[in-house]
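Me: Hi! I've got a structure open here and would love to talk it through with you. Could you take a look?

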Amino acid sequence: MATGRLHGKRVAILATDGVEQIELTEPRKALDEAGARTTLISPKTGTIKAWQHDQWGDELRVDLPLEQAIVDNFDALLLPGGVMNPDRLRVNRKAVEFVQRFVNSGKPVAAICHALSLLIEANAVRGRTLTSWPSLQTDLRNAGADWVDRDVVTDEGIVTSRKPDDIPSFNKKMIEEFAEGVHAKYPGKLLAYNCSPSTRSSRWASTSCLSARSGSEKSAVRAATYWQVALTDSMVVTLRP
């Protein structure tokens, strides 16, 4: 019986044909060794064909079709890279929605290399500090991210790395964040601004009238779309699920 740091954690791995083999198999091995229960999810059924360096790699068995995958049944999400893999997933509405639900729930997500393009498609990068394969840096910045050139970066439960050489650092940080669990622990106070009189007199405010005083509170504003925001008479707002 597995008794590692991730014992009992259920990790979804979303991939399709063209996934970079080592970016799936090595992180998955690390997760399995840490005690997690990993599930390879794909829009395809049966198997997917991995890419290995400059040629086709192994056939990988799909554990669960995307059509049947439910975010509530998992604790974390791994997004391996490869050029073809995320390009195919980002035009699949169900794949994009699957990623969006993970991010919106506050559950940790780990993405490496070209997989960041799927996070862009899921509107999950604005206001975050991230890294990726260098060719994506302009796309990430245009989507509102702060791109940095580091082996691994963590921002409010989203772990990112650049390339296969970063996998040791990526695996270590991924396991750490997956063990920590849900990151929807937003600060309780934010500063409201630019609220119309009708909004100010209302018990609930939209996120369009919120501003943040600190870096951690910016994450709360970003997440507040999915939380109710209560206004008090003193114009301080409180987040609650």
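Reply: Happy to! This is a predicted model, and the lining of the second largest pocket is a good place to begin: its residues divide into six nonpolar, four polar and two charged.

Me: Nice. Which residues line the second largest pocket?

Reply: Going along the chain, they are Gly18, Glu20, Glu23, Trp51, His53, Gly82, Val83, Met84, Cys113, His114, Trp133 and Pro164.

Me: And how much space lies in there?

Reply: The second largest pocket holds about 170 Å³.

Me: Switching to strands. Where do the side chains of β6 point?

Reply: Strand β6 covers residues 76–79. Ala76 and Leu78 point one way, while Leu77 and Leu79 point the other way.

Me: Why the back-and-forth?

Reply: Because side chains in a regular strand alternate between the two faces of the sheet.

Me: Are those four buried or exposed?

Reply: Ala76, Leu77, Leu78 and Leu79 are all buried.

Me: Which strands does β6 pair with?

Reply: One is β1 (residues 10–14), in the parallel sense over three bridges, with Val11 standing opposite Ala76. Another is β7 (residues 109–112), also parallel over three bridges; there Leu77 stands opposite Val109.

Me: Last topic: what's the average pLDDT of the chain?

Reply: The average is 82, and 75% of the residues score at least 70.

Me: Where does pLDDT stay under 50?

Reply: Over residues 185–241. The model does have 95 contacts beyond four places in sequence for that stretch.

Terms used
Residues are numbered from 1 along each chain as its sequence is written. This is a predicted model: local features need pLDDT of at least 70, side-chain atom pairs count only at pLDDT 80 or more; totals for chains, interfaces and linings use all residues. Side-chain values use heavy atoms; hydrogens and water are left out. On a 1 Å grid over the protein atoms alone, a cavity is a set of points where a 1.4 Å probe fits but cannot get out, and a pocket is an open set with protein on both sides within 12 Å along at least five of seven lines; lining residues have an atom within 4 Å of a point. Grid points are joined across faces, edges and corners, and a volume is the space filled by probe spheres set on the points. Ala, Val, Leu, Ile, Met, Phe, Trp, Tyr, Cys and Pro count as nonpolar, Asp, Glu, Lys and Arg as charged, and the others, Gly among them, as polar. Buried means under 20% relative accessible area, exposed over 50%, partly exposed in between (1.4 Å probe, protein chains only). Helices (H or I, at least four residues) and strands (E, at least two) are DSSP runs, numbered from the N terminus. Two strands pair if DSSP finds at least two bridges between them. pLDDT is the predictor's confidence in each residue, from 0 to 100. Contact means heavy atoms within 4.5 Å.
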